[in-house]
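Thanks, everyone; I would like to take a few minutes to walk through one model, moving from a single local feature to the ring pairs and then to the nonpolar cores. Please have the sequence and the coordinates open while I talk.

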Amino acid sequence: MNERMIPALDLGSKGTLKSLFVPGGILLLAAVILLSGGVLPVSAAAVDFYYYAVFAAGILLAWRFHSSRVLSALVILLLAHRAIEFFSAGRVVSLGPGRIAFDTIAFLLPINFIVLSLAHERGLAIPVITPRLVLVFLESVFVAILCRPGETTSPAFLQAAFLSRSLFHWTKIPQLALLAFAGAFAVLLVRLWLYRKPLESGLLWSLAATFLGLQANAVDRIAVAYWATAGLLLVASIVENSYVLAYHDELTSLPARRAFNEALLRLEAPYSIAIVDIDHFKSFNDTYGHDTGDQVLSMVAARLAQVGAGGQAFRVGGEEFSILFSGRAMKEVVPHLDSLRTLIGESRFRVRGTPERRSAPRGAGRRIEDKRSPARRKSTQPGNLPAELSGLSVTVSIGIAEPGPKARDAEQVIQAADKALYRAKKAGRNRVETASEPRGRTPRLKRDIA
């Protein structure tokens, strides 16, 4: 039986705001200042180079990093803009096929962005990209039919007015398209708030740049620059996503080992390094399954991120974490670590039963012996666990060290902290030990998981 544990995680408003505005918001703001503020003269040749360079580089990067959603978004933007230019003959028009293409694409674009935001990233396999190509083809046919020669006005449904037209004198975008944009912005904001993924941010700001491009009549020089900026924001999301994957742990959202190694290079005395390990984590995984174990790791990481004294937490592997305290002596941070240990131990989990992915019969490829007692094994078999268990908890052991005569560089400090952690484990777990001398025994919590 697989159990899904649902701890309350603190996403952190600071991290959410950063993921919202960096780098997409900053890039778009810079584009608005340059294009609308007249800071730099922008020639048509420079805009054309910018436009084609962005889309060519973006499509190549999306293909190289197997990002089907970014590739789809870039292709949709490029085709949408080229369609408006084709049917309007490169001129701003108020009637005819050019205007119909403008109204139709202004409505379809935000809907496509909603679909791309809700889609799962599954690479560039043929079964993945085929439905999207079919959708783009059908939309292209739809636009071509509406913009056939002889048509002068958009279909009535695209021109539907829900409010007084006088309220929208500031824009040429129809009210139905504005409603679609509002819905797309709402969906993208919610998904960015929930997941804080670079691609969600890229789609959000790219859609905002597209809106500005449509506002600038879609086909003039400034508008073309905004369409190119929309593509640039998607390219930036690929780069940002690569950085996140390299320097952050996807499960816990903490900085990963590479970030930890780079942070060590910047350390200057005084500083302290703490090594944190979840007690009996392997037994917890064996008993409740890896899905629940992943939730435990996420909970512990969320608590570690709240540590005081300016500490920065990292996940360095498995159930082991490290905390760097720059500018802090060991004696200053021990009380904060002890409070952290207590906070984690007092956290309770609710486990809900779902099908166990590890409950398949053990054949030749699964020779791991279950050493629990028969009663214990029976209690965790499918159908034997209650629908909802509560009161489970985990504890952590912590070792901490600082530079000294026997530990002059960061690697030696880490080794000293590891030794302190080993003493904490031998002394009964659920305690903090320093690298100097063993501290008094910390009382263990009654509900420690063994």
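**A glycine, some rings and two cores**

Let me begin just after helix α11, where Gly289 adopts a positive phi of about 95 degrees; I should say at once that this is a predicted model. The helix before that glycine, α11, spans residues 281-288, and within it Phe281, Phe284, Asn285, Thr287 and Tyr288 are buried.

Let me turn now to the aromatic rings, for which a search of the whole structure returns nine pairs. One of these joins Phe181 and Phe185 in a tilted arrangement, with 6.2 Å from centre to centre and 35 degrees between the planes. Both residues belong to helix α7, residues 175-195, where they are four residues apart, or about one turn of the helix. In general, an α-helix has 3.6 residues a turn, so residues three or four places apart point the same way.

How buried or exposed are these two partners? Phe181 counts as buried because its relative accessibility is 2%, and the cut-off for that label is under 20%, whereas Phe185, with a relative accessible area of 22%, is partly exposed.

Phe181 also forms an edge-to-face pair with Phe211, at 5.2 Å centre to centre and with 75 degrees between the planes. That pair links distant parts of the chain, since Phe181 sits in helix α7 and Phe211 in helix α8, residues 198-215, with their positions 30 residues apart; both of these phenylalanines are buried.

Elsewhere, ring pairs join Tyr51, Tyr52 and Phe55 into a cluster, and the charged end of Arg258 sits over the ring of Tyr247, 5.7 Å from the centre of that ring.

That brings me to the interior, where the largest nonpolar core comprises 62 residues, and where Leu77, Leu109, Ile173, Leu214 and Trp227 have the most contacts inside it. Helices α2, α3, α4, α5, α6, α7, α8 and α9 each contribute at least two residues to this core, and the largest share, 10 residues, is supplied by α5. If we take Ile173 and leave aside residues up to four places away in sequence, its contacts are Phe102, Ala106, Leu178, Phe211, Leu214 and Gln215, so to speak a list that brings back Phe211 from the edge-to-face pair.

Finally, apart from that core lies another, of 31 residues, which includes Ala274, Tyr288, Val307 and Val333; Tyr288 is also one of the buried residues of helix α11, with which I began.

Notes: Residues numbered from 1 in each chain as written. Predicted model: local features only at pLDDT ≥ 70, side-chain atom pairs only at ≥ 80, totals over all residues. Heavy atoms only, no water. Phe/Tyr/Trp six-rings, centres within 6.5 Å; stacked < 30°, edge-to-face > 60°. Buried < 20%, exposed > 50% of the residue type's maximum accessible area, 1.4 Å probe, protein only. Lys NZ or Arg CZ within 6 Å of the ring centre and 35° of its normal. Core = buried A, V, L, I, M, F, W, Y, C linked by side-chain atoms within 4.5 Å. Contact = heavy atoms within 4.5 Å.
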